[in-house]
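Open the model in your viewer and keep the sequence panel beside it. The stops below each give a selection to make and a note on what is there.

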Amino acid sequence: MAITETVKYGIIGVGMMGREHLINLHHLRIQGVAVVCIADPHVPSQQLALELAQSFDWPLKVFSGHQELLDSGLCDVVVVSSPNMTHYQILMDILNHPKAHHVLVEKPLCTTVADCRKVVNAARKRLDVLVQVGLEYRYMPPVAKLIEIVKGGTLGQVKMVAIREHRFPFLVKVNNWNRFNANTGGTLVEKCCHFFDLMRLFAGANPVRVMASGAVDVNHKDEIYDGKVPDIIDNAYVIVEFDNGARGMLDLCMFAEGSKNEQEISVVGHSGKGEAFVPENIVLYGSRVGGRDGFQTLKAEDERIKYEGLHHGSSYLEHLNFLSAIREKGAKTPAVDLQDGLISVAMGVAAQVSIEKGRFVTIEEVLGARNCEPST
């Protein structure tokens with residue numbers, strides 16, 4: 001589709017991830033986009049974003065609050081990359097605003113299932129607004145290639161999905177907001193909604209029940225903020241059962257800096273197996289008939305990526321996809337919609353509750369009971 005006019009973006013929350021979005025959008029300027037305004041109450045974050053924008057020759061209007069940004073009428077699209085616990089109110093203010101703003105909201109959609117549901121219901125009344133949820137791991141080249149292999153039927157009907165993330169601890173954020181479950185929704189919501197989303201995608205089904213075991217064993221135990229010790233878990237195993245009989249398993253460790261790959265994904269169908277490795281960007285797949293000597297190795301790349309950034313080019317592709325949906329003016333829906341955001345949070349909440357209660361937790365229980373949220 002021909003580029004006819006500049007799509008103007010505003011970014012709400014210009015901490016580390018907000019500035020990452022700013023850089024990605026700069027690399028998309030050839031597609032006819034510009035960031036024209038930002039909102040953040042944290043002055044040091046404002047300054048860092050301003051310096052970045054000045055290096056791009058992008059003049060920015062700076063607001064301390066999101067409401068002022070919305071009222072300014074300066075932008076057509078809003079990126080919400082503020083702390084998790086602020087998403088709900090910001091999204092409701094966007095969806096209730098007289099001017100239509102399309103929205104890319106960082107994961108998780110909200111920190112609780114109840115808040116996610118309210119946002120979903122509010123969005124149903126705004127047919128003039130597109131909302132995409134930032135579950136961008138789908139776009140990482142090796143993951144996207146494995147999705148393509150699975151959807152093409154090469155592995156047969158998927159029976160098992162195993163995802164291992166062995167990585168470094170949570171980074172330091174403004175005012176250390178990400179050190180507490182009350183602000184993040186819990187590690188299995190904050191970080192792992194990505195992996196629950198991928199499980200759904202690979203299984204081609206919806207989750208039924210979840211069992212998890214996890215704890216705070218290594219990280220942040222010697223940190224104190226306002227007299228409180230962080231309560232976010234740093235490792236867990238999670239088992240998910242899906243409505244088509246498939247099973248998923250997450251193996252999370254956030255004190256595993258000595259790993260070759262940060263993510264390892266295995267998908268096994270009744271006739272074959274595929275694996276993706278990030279950041280090695282390798283995909284392996286083979287069939288039961290071909291055996292150990294018959295598997296193929298692919299180097300996964302995407303020539304469209306102009307900026308690798310923090311997520312191996314996936315944020316760039318996410319923006320490219322969303323921009324395409326915006327320009328189609330409703331003829332094309334966002335690839336990752338509010339329902340995807342809701343279910344990925346529900347799976348994380350179910351896992352957090354399972355750890356606390358020591359039992360399987362059904363998705364129906366989490367989606368249906370307003371009070372079934374992990375304690376904080």
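**Stop 1: a parallel strand pair**

Select strand β1 (residues 7–12) together with strand β4 (residues 77–80): the two pair in the parallel sense over four bridges. This is a predicted model, so read every stop as a description of a prediction. To find one of the pairings, pick tyrosine 9, whose bridge partner in β4 is valine 77.

**Stop 2: the sheet around that pair**

Now add the other strands of the sheet. What is the strand order of this open sheet? Its six strands run β3-β2-β1-β4-β5-β6, with parallel pairing. Colour β3 (61–63) and β6 (131–134) separately, since these are the edge strands and each pairs on one side only. From one strand to the next, the twist averages 25°.

**Stop 3: two helices**

Hide the strands and show helix α4 (residues 87–95) with helix α5 (residues 113–124). Their axes lie 10 Å apart and the helices pack at an angle of about 10°. Angles under 35 degrees count as roughly parallel, so α4 is roughly parallel to α5. Turn on side chains for the contact: α4 supplies Tyr88, Leu91, Met92 and Leu95, while α5 supplies Asp115, Lys118, Val119, Ala122 and Ala123. Of the residues in this contact, seven are nonpolar, two are charged and none is polar.

**Stop 4: the annotated span**

Select residues 8–134, where an unreviewed UniProt entry places the feature "domain: Gfo/Idh/MocA-like oxidoreductase N-terminal". Residues 8–134 are 42% helix and 22% strand, and the end C-alpha atoms of the span lie 19 Å apart.

**Stop 5: antiparallel strands further along**

Move on to strand β8 (residues 207–215) and strand β9 (residues 235–242), which pair in the antiparallel sense over eight bridges. Alanine 215 is opposite asparagine 235 in β9. Next add strand β10 (residues 247–253), which runs antiparallel to β9 and is joined to it by seven bridges. Isoleucine 239 has methionine 249 of β10 as its bridge partner. Which residue in the hairpin of β9 and β10 takes a positive phi? Glycine 245 does, with phi near 95°, and the hairpin has four residues between the strands.

**Stop 6: the whole chain**

Finally, show everything. The protein chain has 12 helices and 15 strands. Its radius of gyration is 20 Å, close to the 21 Å that the globule rule gives for 376 residues, so the chain is as compact as a globular protein of that length. Along the principal axes, the C-alpha trace spans about 60 × 50 × 40 Å.

How values were computed
Residues numbered from 1 in each chain as written. Predicted model: local features only at pLDDT ≥ 70, side-chain atom pairs only at ≥ 80, totals over all residues. Heavy atoms only, no water. Axes fitted to C-alpha atoms, helices over the stretch in contact; angles between N-to-C directions. Parallel < 35°, antiparallel > 145°, perpendicular 65-115°, else oblique. Contact = heavy atoms within 4.5 Å. Nonpolar A, V, L, I, M, F, W, Y, C, P; charged D, E, K, R; others polar. UniProt positions renumbered as here; feature names shortened; annotations may be inferred. Pairing = 2+ DSSP bridges. Rg over C-alpha atoms; globule rule 2.2 N^0.38 Å.
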